[in-house]
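Got the viewer open and a selection box ready? Let's walk through this one stop by stop.

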Amino acid sequence: QLGGADIGQIQLVDNFDNQPGWVGSEALYTNFLTVDTGSTLHLNGLKLYYYKGRIDGTVLEEGGSLVPIDWIKGDANWDIKVDDSDLNLLLAGWCIGTQWDEGDFNDDDLVDDSDLNWLLTNWTYPPASSSVPEPASAMLLLLGMIAVLRRRKK
């Protein structure tokens with residue numbers, strides 16, 4: 001967050017080469033970005049990607065760019081695929097989670113069936129060479145796990 005109670009100014013500077021031998025501008029990533037009224041963010045030629053944000057202040061691109069990212073609903077750990085690790089996070093946050101990384105993909109402050117639907121809709125299947133259960137078997141297993149979780153809550 002830039003600003004708030006006081007006005008803030010930040011100028012991004014790339015003083016370290018993260019990719020030696022590569023020519024071009026490097027990029028920065030953040031999950032949440034807020035630039036409050038009166039505050040200024042100087043990108044100074046760099047690309048800044050962000051997942052969620054509010055920009056009420058000034059962004060000076062100066063050859064750079066501010067790029068919002070539309071994350072895949074179901075991707076709880078932000079690794080650009082929806083898989084078992086995301087399902088584990090959703091199940092751990094079932095009926096108690098309120099954040100994206102706990103499985104709340106529709107921002108209603110509750111991890112429930114609708115979030116599970118997003119995860120299943122965007123499921124990333126592994127390559128054909130992988131040894132994994134059939135999708136129908138995996139779905140039956142998932143439904144059984146949900147039934148057990150619901151039974152515990154009652």
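Start by selecting Trp94, which sits in the loop between α1 and α2. Is Trp94 buried or exposed? Its relative accessibility is 5%, so Trp94 counts as buried. Now add Val111 to the selection and draw a distance between the two C-alpha atoms: you should read 5.1 Å, although Trp94 and Val111 are 17 residues apart along the chain. Keep in mind throughout that you're looking at a predicted model.

**One residue along: Cys95**

Click on Cys95, which is in that loop between α1 and α2 as well. Its phi is near 65°, a positive value in a residue other than glycine. Why flag that? Most residues other than glycine have a negative phi. With a relative accessibility of 37%, Cys95 counts as partly exposed.

**The helices on either side**

Show α1 (residues 84-92) and α2 (residues 113-121) as cartoons: they pack at an angle of about 180°, and their axes are 11 Å apart. Anything over 145 degrees counts as roughly antiparallel, and therefore that's the label for α1 and α2. For the contact itself, turn on side chains for Asp86, Leu87 and Leu90 in α1, which meet Asp115, Leu116 and Leu119 in α2. Sorted by class, this contact of α1 with α2 has four nonpolar residues, two charged ones and no polar ones.

**Zoom out for a moment**

Colour the chain by secondary structure and you'll find three helices and six strands. What pattern does the chain follow along the sequence? It reads β-β-β-β-β-β-α-α-α. If you colour by burial instead, buried residues make up 31% of the 154 residues. As for the contact map, take the contacts with a separation of 6 or more: 36% of them come from residues 24 or more positions apart.

**Strands β2, β4 and β6**

Next, select β2 (residues 27-35) and β4 (residues 47-55), which pair in the parallel sense over eight bridges. A handy marker is Leu28, which stands opposite Leu48 in β4. Then bring in β6 (residues 65-68): this strand runs parallel to β4, and four bridges join them. To find your place there, pick Lys47, whose bridge partner in β6 is Ser65. While the side chains are on, remember that in a regular strand they alternate between the two faces of the sheet.

**A stacked pair across two strands**

Stay here and display the rings of Tyr29 and Tyr49. They form a stacked aromatic pair, 4.8 Å centre to centre with 15° between the planes. Tyr29 belongs to β2 and Tyr49 to β4, so the pair ties together parts that are 20 residues apart in sequence. Now switch on a surface and look at the two partners: Tyr29 counts as exposed at 59% relative accessibility, while Tyr49 is buried, with a relative accessible area of 19%. That 19% falls under the 20% cut-off for buried.

**The other aromatic pair**

How many aromatic pairs does the structure hold? Two, so jump to Trp100 and Phe105, whose ring centres are 5.2 Å apart with planes at 75°, which makes this pair edge-to-face. Trp100 and Phe105 are both buried, so clip the surface to get a look at them.

**The three-stranded sheet**

Select β1, β3 and β5 together: these three strands form an open sheet in the order β1-β3-β5, with parallel pairing. The edges are β1 (9-11) and β5 (58-60), each with a single partner strand, so one side of each is left without a neighbour in the sheet. On average, neighbouring strands of this sheet are turned by 10° against each other, direction ignored. Zoom in on β1 and β3 (residues 40-42), which pair over three bridges in the parallel sense. Ile10 is a good residue to label, as it stands opposite Leu41 in β3.

**Last stop: Asn44**

From β3, follow the chain into the loop between β3 and β4, where Asn44 is located. What is the phi of Asn44? It is near 55°, a positive value in a residue other than glycine. On the surface view, Asn44 is partly exposed, with a relative accessible area of 34%.

Notes
Residues are numbered from 1 along each chain as its sequence is written. This is a predicted model: local features need pLDDT of at least 70, side-chain atom pairs count only at pLDDT 80 or more; totals for chains, interfaces and linings use all residues. Side-chain values use heavy atoms; hydrogens and water are left out. Two strands pair if DSSP finds at least two bridges between them. Axes are lines fitted to C-alpha atoms, for helices over the stretch in contact, and angles run from 0 to 180 degrees between N-to-C directions. Angles under 35 degrees count as roughly parallel, over 145 as roughly antiparallel, 65 to 115 as roughly perpendicular and the rest as oblique. Contact means heavy atoms within 4.5 Å. Ala, Val, Leu, Ile, Met, Phe, Trp, Tyr, Cys and Pro count as nonpolar, Asp, Glu, Lys and Arg as charged, and the others, Gly among them, as polar. Rings of Phe, Tyr and Trp (its six-membered ring) pair if their centres lie within 6.5 Å; planes under 30 degrees apart count as stacked, over 60 as edge-to-face and the rest as tilted. Buried means under 20% relative accessible area, exposed over 50%, partly exposed in between (1.4 Å probe, protein chains only).
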